[in-house]
There are 2 protein chains.
Amino acid sequence: MRFCSNCGAPVELRVPAGDNLPRHVCPACETIHYQNPKMVIGCIAEWEDRILLCRRAIEPRHGLWTLPAGFMENGETVAQAALRETLEEANARVELAAMYSVLSVPHVNQVHIFYRGRLLDLGFGPGEESLEVALFAEADVPWKELAFRTISTTLRHYYGDRKAGAYGFHTGEILPAR
Amino acid sequence: MRFCSNCGAPVELRVPAGDNLPRHVCPACETIHYQNPKMVIGCIAEWEDRILLCRRAIEPRHGLWTLPAGFMENGETVAQAALRETLEEANARVELAAMYSVLSVPHVNQVHIFYRGRLLDLGFGPGEESLEVALFAEADVPWKELAFRTISTTLRHYYGDRKAGAYGFHTGEILPAR
């Protein structure tokens with residue numbers, strides 16, 4: 001951020017009165033421009049013993065596999081974001097079950113949230129941001145070609161819970177890769 | 001948003017190619033300025049059968065009671081935000097238990113997340129944004145003077161669960177007041 005989005009003047013980076021972190025502050029109109037983490041919302045869409053994965057048609061991680069997910073928009077709920085992203089990325093309609101994982105990714109200022117959901121029909125297919133969309137049994141999950149660690153972490157919990165016979169709710173954090 | 005934070009030119013509101021929502025787009029440098037929901041993170045800090053509430057010293061809802069909570073910052077995890085806000089608003093140190101509630105508030109573009117936590121000592125007191133901080137038994141909770149509906153919703157779940165003998169995990173949404 002270099003200019004004030006309110007008045008167009010160049011901003012300064014300084015700690016406002018009563019605050020303890022540097023912010024982009026406009027010396028002309030005094031607007032403080034806060035920057036906060038973004039939420040990425042997605043879904044584990046289940047069909048019998050298989051789940052839906054999408055191969056990414058966009059950067060980052062073009063060509064790698066992901067759960068349908070994307071940035072939450074203003075004006076929607078977390079559940080609505082999960083339904084919308086599943087529809088946009090995979091043309092897939094789901095009935096949501098419980099929220100399944102909440103994973104902080106502090107080094108990229110994101111929180112990733114996944115629901116479980118039941119796929120309502122097999123009429124899915126790649127949206128604009130996917131190269132292909134397919135159902136995978138556990139033995140066929142392309143673990144080495146998953147796009148993000150929040151995906152692999154969520155799926156490890158998922159198959160662990162399934163083996164144990166009950167789905168839980170999982171929170172955690174993803175640290176920078178060493 | 002009226003000006004581009006990257007180059008200072010006036011922005012336009014239009015639907016970018018490949019998108020389906022209007023965004024603030026800079027016609028000069030082509031930056032697309034996305035706006036996304038913000039997370040508010042807080043804690044139910046428990047001491048025996050009482051919980052910690054803070055009376056707000058700031059707007060909105062000056063003078064009303066809240067759980068310690070505030071906007072999540074870049075670079076931190078959800079759990080770190082809960083610890084930080086509890087310390088900043090109530091000078092209170094807690095050991096976090098499980099994540100307790102995730103509540104979407106779509107009409108203000110927010111998601112509120114609360115942990116349960118165990119207060120480690122009684123050396124709490126008002127931070128800069130609180131008028132006073134106190135422990136409340138269930139019978140003394142000022143239900144009519146709570147600052148936000150995410151607070152009352154979370155506390156209703158909390159006392160319901162406590163009566164039932166087991167704390168769950170709760171998701172939901174807060175619709176605009178009629």
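**Exercise 1. Determine how E8(A) and strand E11 of chain A pair, and over how many bridges.**

Solution. In this predicted model, strand E11 of chain A covers residues 170-173. E8(A) pairs with E11(A) in the parallel sense, over four bridges. To check the register, take Val102(A): the residue opposite, in E11(A), is Thr171(A).

Next, turn to the other partner, strand E9 (residues 110-119) of chain A. E8(A) spans residues 94-105 and runs antiparallel to E9(A), with nine bridges joining the two. Within this pairing, Ser101(A) has Phe114(A) as its bridge partner. Finally, inspect the hairpin of E8(A) and E9(A): four residues lie between the strands, and Asn109(A) takes a positive phi near 60 degrees.

**Exercise 2. State the order of the open sheet of three strands in chain A, and explain why one side of E1 and of E3 is left without a neighbour.**

Solution. The order is E1-E2-E3, and the pairing is antiparallel. Strand E1 (12-14) and strand E3 (32-33) of chain A are at the edges; each has a single partner strand, so one side of each has no neighbour in the sheet. For the pairing of E1(A) with strand E2 (residues 23-25) of chain A, count three bridges in the antiparallel sense. One of the residues to locate is Leu13(A), whose bridge partner in E2(A) is His24(A).

To place these strands in the whole chain, note that chain A has two helices and eleven strands. Along the sequence they follow the pattern β-β-β-β-β-β-β-α-β-β-β-α-β. The C-alpha atoms of chain A fill a box of roughly 60 × 30 × 30 Å along the principal axes.

**Exercise 3. Find which residues a cis peptide bond joins in chain A, and where Pro60(A) lies.**

Solution. The cis bond joins Glu59(A) and Pro60(A), with omega about -5 degrees. Pro60(A) is placed in the loop between strand E5 (50-56) and strand E6 (65-66) of chain A. Arg61(A) is in the loop between E5 and E6 of chain A too, and its phi is positive, near 70 degrees. For background, most residues other than glycine have a negative phi, and most peptide bonds are trans.

Then repeat the search in chain B. A cis peptide bond joins Glu59(B) and Pro60(B), again with omega about -5 degrees. Pro60(B) sits in the loop between strand E5 (50-56) and strand E6 (65-66) of chain B.

**Exercise 4. Work out what turn and shift lay chain B on chain A, and describe the contact between the chains.**

Solution. A turn of 180 degrees with a shift of 0.0 Å along the axis lays chain B on chain A, at an RMSD of 0.0 Å. That is the relation of a two-fold axis.

For the contact, chain B and chain A contribute 37 residues each. Of the interface residues of chain B, 100% are also interface residues in chain A, so the copies meet through the same surface. The buried area is about 3,200 Å², and carbon and sulfur atoms give 53% of it.

For the polar part, two salt bridges are found across the interface. One of them links Arg23(B) and Glu73(A), with the closest N and O atoms 2.6 Å apart; this is inside the cut-off of 4 Å. Polar contacts across the interface number 16 residue pairs.

Last, assign the touching side of chain B to elements. Strand E4 (38-47), helix H1 (78-90), strand E8 (94-105) and strand E11 (170-173) of chain B each supply at least two residues. E8(B) gives the most, with three residues. By type, this side of chain B divides into 16 nonpolar, 13 polar and eight charged residues.

Conventions: Residues are numbered from 1 along each chain as its sequence is written. Chains are lettered from A and ligands numbered from 1 in the order in which they are written. This is a predicted model: local features need pLDDT of at least 70, side-chain atom pairs count only at pLDDT 80 or more; totals for chains, interfaces and linings use all residues. Side-chain values use heavy atoms; hydrogens and water are left out. Copies are superposed by least squares on the C-alpha atoms of residues with pLDDT of at least 70 in both. Contact means heavy atoms within 4.5 Å. Buried area is the accessible area (1.4 Å probe) that two parts lose on being put together, summed over both. A salt bridge is a side-chain nitrogen of Lys or Arg within 4 Å of a carboxyl oxygen of Asp or Glu. A polar contact is a pair of N or O atoms within 3.5 Å; within protein, one must be able to donate a hydrogen and the other to accept it, and residues adjacent in sequence count only if both atoms are side-chain atoms. Ala, Val, Leu, Ile, Met, Phe, Trp, Tyr, Cys and Pro count as nonpolar, Asp, Glu, Lys and Arg as charged, and the others, Gly among them, as polar. Two strands pair if DSSP finds at least two bridges between them.
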